[in-house]
Amino acid sequence: MIRVLIADDSATLRSALVAMLAEDPELTVVGQAGDGLEAVSMARALRPDVITMDVNMPRLDGLGATAAIMTEAPARVLVVSSVSEQRQLELSFRAMAAGALEVIAKPRPGEEMRSWGRKVAQSIRLMSEVPVVRRHRTSPAPSPVQLSHAGEVDAIGLVASTGGPPALSRVLGELPADLPAPILIAQHIAHGFAPGLVRWFASVCALRVAVAAEGMAARGGTIYLPPDDCDLEVDERGLLHTPRATGLHCPSGNKLLHSLARSFGLRAAGFVLTGMGDDGAQGLLALRNAGGATFAQDESTSVVYGMPQAALACGAARSQLALEQVAPAILSLCRKGTAK
């Protein structure tokens, strides 16, 4: 049985969520907190497996509560946020930097509550499988990166899921504004959160950050993310495409990396970072077969090792990198290349 703590200042939403989660035989609600201080206290006392965390609460907001919980009583935190308010979006991503695993949108106007409750229950079940980490690991200074790719690359693809936003923010924050290649990102994210993710990345890095548009030319020194509910692909002319996502993962890491393999081949690099499942593995394999530089994040620095492990298991990744080695690898691939 998965033990759940609900933290939300709306008594109506708490009651509705309790009733909906009670319909799932795998879940049991062990407590309800009306503000951040109550959430921290109950997390210490009840030791829940998963906490659903509102971000905008009195006395202590969800960001502060998440940071305190990950220090004092570590648990898997699922942020439940409105996507219509910029402040809540910003708090949501800052809570992820503090240790929250995922974000999910509060019900939209007109959305059927039972359907929304099933989404929350599914997210809770998935999060319960993730190992609990007290805080995001601090890493030593990066060790030298030894690459086996010849020549420079002209395009870079990064794929991530659970634990990805803070991992990506670290990588992007260590790259210079004059990076010669564009960076294309497929980060699994719920509907409504793409604009907030763009703003967060823009606040932590020197590179330009943009939402891709159909037919837009990919430029060096720019990070591109797809719009909500869309995939991101690139063609041989360097033009971006944002078809509606139709697969299980949104956006699809496999589709992004397959497009890099077709369009750039050995002039592209792909990185599969932390995440649950196996998205990105087959796309990375196609890129390796096309001569591209391919890497997977190592287990010790991954929040969830599923996606990197899948990339290694199928032979897609040439090597593993610790998170702190990813930015230096990108710089080396873009500017020097290393002879085989």
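A crossing of two helices is called right-handed if the near helix is turned clockwise from the far one by less than a right angle, and left-handed if anticlockwise. I keep this convention for the first entry; the model I am reading is a predicted one.

**Entry 1. Helices α4 and α7**

I looked up how α4, residues 86-98, packs on α7, residues 194-204. Their axes lie 9 Å apart and make an angle of about 65°. I recorded the passage of α4 over α7 as a right-handed crossing. On the α4 side I listed Q86, L89, F93 and A97, which meet G196, L197, R199 and W200 of α7. By class, I noted five nonpolar residues, two polar and one charged in this contact.

I then checked R94, which also belongs to α4. Its relative accessible area is 44%, so I entered R94 as partly exposed. The C-alpha atoms of R94 and W200 are 8.3 Å apart in space, although 106 residues separate the two in sequence.

**Entry 2. Helices α8 and α9**

I turned to α8, residues 253-263, and α9, residues 281-289. The two axes come within 7 Å and cross at roughly 10°. I therefore wrote α8 down as roughly parallel to α9, the cut-off being an angle under 35 degrees. From α8 I listed N254, L257, H258, L260 and A261; their partners in α9 are A281, Q282, G283, L284, A286 and L287. I found seven nonpolar and four polar residues in the contact of α8 with α9, and no charged ones.

**Entry 3. Helix α10**

Which residues of α10 are buried? In this helix, residues 306-313, I found M307, P308, A310 and A311. I placed them on the same side of α10, because they cover an arc of only 160° around the axis. As general background, an α-helix has 3.6 residues a turn, so residues three or four places apart point the same way. I next asked what covers these buried residues, and my list includes β6 (155-160), β12 (268-272), β13 (293-297) and α9. After α10 comes G315, for which I noted a positive phi, near 80°.

**Entry 4. Backbone exceptions**

I searched next for backbone angles that depart from the usual. Most residues other than glycine have a negative phi, and most peptide bonds are trans.

R47 is not a glycine, yet I read a positive phi of about 50° for it. I located R47 in the loop between α2 (36-46) and β3 (50-54). With a relative accessibility of 48%, R47 is partly exposed. I also looked up P74, which sits in the loop between α3 (62-72) and β4 (76-81). P74 is partly exposed too, with a relative accessible area of 21%; the cut-off for buried is under 20%. From C-alpha to C-alpha, P74 and R47 are 8.2 Å apart, with their positions 27 residues apart in sequence.

D229 likewise has a positive phi, about 65°, and is not a glycine. I found D229 in the loop between β9 (222-225) and β10 (233-234). D229 is partly exposed at 25% relative accessibility.

For the peptide bond between C250 and P251 I noted the cis form, with omega about -10°. I placed P251 in the loop between β11 (240-241) and α8.

**Entry 5. The loop between β7 and α7**

Is H188 buried or exposed? I entered H188 as buried, at 10% relative accessibility. H188 lies in the loop between β7 (183-187) and α7. Leaving out residues up to four places away in sequence, I listed its contacts as A160, S161, H249, C250, P251, D279 and M307. Among these are both residues of the cis peptide bond, C250 and P251, and M307, a buried residue of α10. H188 and D229 are 41 residues apart in sequence, and I read 9.9 Å between their C-alpha atoms.

A190 is also found in the loop between β7 and α7. At 26% relative accessibility, I entered A190 as partly exposed. Beyond four places in sequence, I found that A190 touches V103 and D228. I closed with the pair A190 and P227, which are 37 residues apart in sequence and 11 Å apart in space, C-alpha to C-alpha.

Terms used. Residues are numbered from 1 along each chain as its sequence is written. This is a predicted model: local features need pLDDT of at least 70, side-chain atom pairs count only at pLDDT 80 or more; totals for chains, interfaces and linings use all residues. Side-chain values use heavy atoms; hydrogens and water are left out. Axes are lines fitted to C-alpha atoms, for helices over the stretch in contact, and angles run from 0 to 180 degrees between N-to-C directions. Helices (H or I, at least four residues) and strands (E, at least two) are DSSP runs, numbered from the N terminus. Angles under 35 degrees count as roughly parallel, over 145 as roughly antiparallel, 65 to 115 as roughly perpendicular and the rest as oblique. Contact means heavy atoms within 4.5 Å. Ala, Val, Leu, Ile, Met, Phe, Trp, Tyr, Cys and Pro count as nonpolar, Asp, Glu, Lys and Arg as charged, and the others, Gly among them, as polar. Buried means under 20% relative accessible area, exposed over 50%, partly exposed in between (1.4 Å probe, protein chains only). The arc is that of the directions from the helix axis to the C-beta atoms.
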